[in-house]
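Hi everyone, thanks for coming along. I'd like to walk you through a structure that is new to most of us. Let's put it up on the screen.

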Amino acid sequence: MDIGERLFSLRQKTQESLQEVADKVGVSKAHVWELEKGRSKNPSFELVRKLAAHYGVGIDVLTGEAAEPRADELQIERIHRGLDKLTKRDREIVEQMIDAMKQKNPEGTQ
């Protein structure tokens, strides 16, 4: 699996559009599409770094040196991303909500 296929797979798992990914990493939708289709084979290191950060994975995942996370692992990473920007009180509220949900469903099943 090449970097384009991995980018496509990650985008499918996160259920994002090409435009959403493009907006978040600061490139055009067409450029993301070209990367996914393998038509742009040499993305800049900075862009690879931004894409890895966006998906919450290491660069080694994009290069194929590490396993790609499952969709639920990517979702958990997205939930955690940005919590540090919340106020202490808001983080406490989020933590209380998570604790309440865990008690409601202790097995962690759907």
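**A first look**

Starting at the N terminus, the elements of the protein chain read α-α-α-α-α-α-α. In other words, there are seven helices and zero strands. Helices here are DSSP runs of H or I with at least four residues, strands are E runs of at least two, and both are numbered from the N terminus.

A quick word on where this comes from. What you see is a predicted model, where local features need a pLDDT of at least 70 and side-chain atom pairs count only at pLDDT 80 or more, while totals for chains, interfaces and linings use all residues. Residues are numbered from 1 along each chain as its sequence is written, and side-chain values use heavy atoms, with hydrogens and water left out.

How confident is the predictor? The pLDDT, which is the predictor's confidence in each residue from 0 to 100, averages 91 over the protein chain, and 97% of the residues score at least 70. Among the elements, helix H2 (residues 18–25) has the highest mean, 96, and helix H6 (residues 71–80) the lowest, 86.

**The chain overall**

Along its principal axes, the C-alpha trace spans about 50 × 30 × 25 Å. The protein chain has 110 residues, and 28% of them count as buried. Buried means under 20% relative accessible area, exposed means over 50%, and partly exposed is in between, with a 1.4 Å probe and protein chains only. As for contacts (heavy atoms within 4.5 Å), take those between residues at least 6 apart in sequence: 52% of them join residues at least 24 apart.

Now the charges. Counting Lys and Arg as positive and Asp and Glu as negative, without His or the chain ends, and placing each charge at NZ of Lys, CZ of Arg, CG of Asp or CD of Glu, the mean positions of the 19 positive and 20 negative charges lie 3 Å apart.

**An annotated stretch**

UniProt, in an unreviewed entry, lists residues 17–62 as "domain: HTH cro/C1-type". Its positions are given in the numbering used here, feature names are shortened, and annotations may be inferred rather than shown by experiment. In our model that stretch is 70% helix and 0% strand, and its end C-alpha atoms are 18 Å apart.

**Four residues to find**

Let's begin with Leu-10, in helix H1 (residues 3–14). Is Leu-10 buried or exposed? Leu-10 has a relative accessible area of 0%, so this residue is buried. Leaving aside neighbours within four places in sequence, Leu-10 is in contact with Tyr-55, Val-57, Leu-62, Glu-68, Pro-69 and Leu-74.

Next, rotate to Glu-36, in helix H3 (residues 29–37). Glu-36 counts as buried because its relative accessible area is 8%. Not counting residues up to four places away in sequence, Glu-36 touches Gly-4, Glu-5, Leu-7, Phe-8, Arg-11 and Leu-18.

Follow the chain on to Ser-40, in the loop between H3 and H4. Ser-40 has 16% relative accessibility, so this loop residue counts as buried too. Among the contacts of Ser-40, with neighbours within four places in sequence set aside, are His-31 and Leu-35.

Finally, which way does Phe-45 go, buried or exposed? Phe-45 lies in helix H4 (residues 45–55), and with a relative accessible area of 59% this residue is exposed. From Phe-45 to Asp-90 is 45 residues in sequence and 35 Å in space, C-alpha to C-alpha.

Thanks for listening!
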